[in-house]
Amino acid sequence: MEIIISNASDKPIYEQITSQMKDLILSGELKEGEQLPSIRALAADLRISVITTKRAYADLEEQGFIETVPGKGSFIAGGNQELLREEQLRTIEKHLEKAVTGAKKAGIETDELVELLRLIANEQ
């Protein structure tokens, strides 16, 4: 698991960790039941505060992406396929909103944009 922290980002460090871990879970790189590094180990690896890492893990647990078992550690949560699907849909919606905004700026009509989406979808 590779987490990259950017000091140039406008997002707080805990949000960067949360976002990247969610991406790893959604992509399937982190699988259900897989154990995460301890809060202290991840903090040491990233050279950040334990408090920051704890906040990221707490947010992930609150959102249902991970489960923490006292004395054993944190694990990728299971049985949350609907949650994962909703998160993926939100990500796709954000990308589509950017595409629509770009199309409007370029003077591309909705029908043309939809046809372009169909062409791209059929190529993959």
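A residue counts as buried when its relative accessible area is under 20%, as exposed when that value is over 50%, and as partly exposed in between (1.4 Å probe, protein chains only). By that yardstick alanine 56, at 0% relative accessibility, is buried. Its place is in helix H3, with helices (H or I, at least four residues) and strands (E, at least two) taken as DSSP runs numbered from the N terminus. The model is a predicted one, where local features need pLDDT of at least 70 and side-chain atom pairs count only at pLDDT 80 or more, while totals for chains, interfaces and linings use all residues. Residues are numbered from 1 along each chain as its sequence is written, and side-chain values use heavy atoms, with hydrogens and water left out.

Helix H1 covers residues 13-27, and because 15 residues at 1.5 Å a residue should span 21 Å (the expected span being 1.5 Å times one less than the number of residues), the 21 Å between its end C-alpha atoms agrees. Buried residues in H1 include Tyr14, Ile17, Met21 and Ile25. Just past the end of H1, glycine 28 has a positive phi of about 90 degrees.

Next comes the inside. A nonpolar core here is a set of buried Ala, Val, Leu, Ile, Met, Phe, Trp, Tyr and Cys residues joined through side-chain atoms within 4.5 Å. The largest one holds 20 residues, and Ile17, Met21, Ile25, Leu36, Phe65 and Ile66 touch the most other members. H1, helix H2 (39-46) and helix H3 (50-62) each give two or more residues to this core, with H1 giving the most, at six.

Strands E1 (residues 66-69) and E2 (residues 73-76) run antiparallel and are joined by four bridges; two strands pair if DSSP finds at least two bridges between them. Threonine 68 has serine 74 in E2 as its bridge partner. The two strands make a hairpin with three residues between them, and glycine 71 in the turn takes a positive phi of about 85 degrees.

On the surface, Leu89, Ile92, Leu96 and Leu117 form a nonpolar patch with about 330 Å² of accessible area together. Such areas come from the Shrake-Rupley method with a 1.4 Å probe, and for residues only the protein chains shown count as cover. Patches take residues with over 30% relative accessible area and no salt bridge (a side-chain nitrogen of Lys or Arg within 4 Å of a carboxyl oxygen of Asp or Glu), joining like charges within 9 Å and nonpolar side chains (Val, Leu, Ile, Met, Phe, Trp, Tyr) within 5 Å. Helix H4 (residues 81-105) gives the most to this patch, with three residues. Leucine 89 sits in H4 and, at 31% relative accessibility, counts as partly exposed.
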